[in-house]
Amino acid sequence: MRDRVCAEIPPETATEFVALLRREIVEVVGVDIDDADAIAEPSVLVEGRPEAVHLPTWRTIVVPLLTARARQLYGELPTERP
């Protein structure tokens with residue numbers, strides 16, 4: 001997915017980046033991760049075995065984390081360091 005996103009023209013805003021990311025997730029996984037009834041089919045190869053993407057993890061952890069990071073990189077959120 002990283003290679004697919006990096007091959008695109010860089011979005012101008014974090015909102016556009018997140019929209020691009022969500023489109024690529026649908027392309028790779030085959031379902032909308034926001035659909036609570038969606039079930040991902042085993043389509044991602046891990047060590048040669050087809051594996052399903054755990055949609056709740058992507059929905060509640062991965063996409064929000066990438067969204068926050070994109071907003072930081074685009075200057076829409078301050079970057080805080082402890």
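Here are some worked exercises on the predicted model shown above.

## Exercise 1: Getting an overview

Work out the fold pattern of the chain and decide where its coordinates deserve the most caution.

**Solution.**
- Step 1. Start by listing the elements: the chain has three helices and two strands.
- Step 2. Put them in sequence order, and the pattern reads α-α-β-β-α.
- Step 3. Turn to confidence. The mean pLDDT of the chain is 82, with 84% of the residues at 70 or more.
- Step 4. Look for the extremes. Helix 3 has the highest confidence, at 90, while strand 1 (residues 44–46) has the lowest, at a mean of 61.
- Step 5. Where pLDDT is low, predicted coordinates should not be read in detail. The place for most caution is therefore strand 1, where confidence is lowest.

## Exercise 2: Surface and contacts

Describe how much of the chain is buried, and what its exposed surface is made of.

**Solution.**
- Step 1. Of the 82 residues in the chain, 21% are buried.
- Step 2. The chain exposes about 6100 Å², and 56% of that area comes from carbon and sulfur atoms.
- Step 3. For a view of long-range packing, take the contacts with a separation of 6 or more: 39% of them join residues 24 or more positions apart.

## Exercise 3: The geometry and faces of helix 2

Check the length of helix 2 against expectation, then find out how its buried residues are arranged around the axis.

**Solution.**
- Step 1. Helix 2 covers residues 14–29, which is 16 residues; at 1.5 Å a residue the expected span is 22 Å.
- Step 2. The end C-alpha atoms of helix 2 are 22 Å apart, so expectation and model agree.
- Step 3. Collect the buried residues of helix 2: Ala14, Val18, Leu20, Leu21, Glu24, Ile25 and Val29.
- Step 4. Viewed down the axis of helix 2, these buried residues sit within an arc of 160 degrees, so they line one face.
- Step 5. As a reminder, an α-helix has 3.6 residues a turn, so residues three or four places apart point the same way.
- Step 6. Check the other side of helix 2, where Thr15 and Glu27 are exposed.
- Step 7. Ask what the buried residues of helix 2 meet: they pack against helix 1 (2–6) and helix 3 (55–73).
- Step 8. Finish at the end of the helix. Just after helix 2, glycine 30 has a positive phi of about 95 degrees.

## Exercise 4: Two buried residues of helix 2

Classify glutamate 24 and valine 18 as buried or exposed, and identify their partners in space.

**Solution.**
- Step 1. Glutamate 24 belongs to helix 2. Its relative accessible area is 8%, which is under the 20% cut-off, so glutamate 24 is buried.
- Step 2. Setting aside neighbours within four places in sequence, glutamate 24 contacts Met1, Arg4, Val5 and Glu8.
- Step 3. Valine 18 is also part of helix 2, and at 12% relative accessibility valine 18 counts as buried.
- Step 4. Compare sequence and space for valine 18 and alanine 70: they are 52 residues apart in sequence, with their C-alpha atoms 7.7 Å apart.

## Exercise 5: Helix 3 and its kink

Test the span of helix 3, locate its kink and name what covers its buried residues.

**Solution.**
- Step 1. The 19 residues of helix 3 should span 27 Å at 1.5 Å a residue; the end C-alpha atoms lie 25 Å apart, which agrees.
- Step 2. The kink is at valine 62, shortly before proline 64, and comes to about 30 degrees.
- Step 3. Leu55, Val63 and Ala70 are the buried residues of helix 3, and their cover includes helix 2.
- Step 4. Alanine 68 is in helix 3 too, but at 28% relative accessibility alanine 68 counts as partly exposed.
- Step 5. Just after helix 3, glycine 75 adopts a positive phi of about 80 degrees.

## Exercise 6: A loop residue

Place glutamate 12 in the chain and state its exposure.

**Solution.**
- Step 1. Glutamate 12 sits in the loop between helix 1 and helix 2.
- Step 2. At 70% relative accessibility, over the 50% cut-off, glutamate 12 is exposed.
- Step 3. Glutamate 12 and tyrosine 74 are 62 residues apart along the chain, yet their C-alpha atoms are separated by 8.3 Å.

Technical notes. Residues numbered from 1 in each chain as written. Predicted model: local features only at pLDDT ≥ 70, side-chain atom pairs only at ≥ 80, totals over all residues. Heavy atoms only, no water. Helix = DSSP H or I, 4+ residues; strand = E, 2+ residues; numbered from the N terminus. Expected span 1.5 Å × (residues − 1). Buried < 20%, exposed > 50% of the residue type's maximum accessible area, 1.4 Å probe, protein only. Arc of directions from axis to C-beta. Contact = heavy atoms within 4.5 Å. pLDDT = per-residue confidence, 0-100. Areas by Shrake-Rupley, 256 points an atom, 1.4 Å probe, with all protein chains shown as cover. Bend = angle between axes of the 7 residues up to and from the residue.
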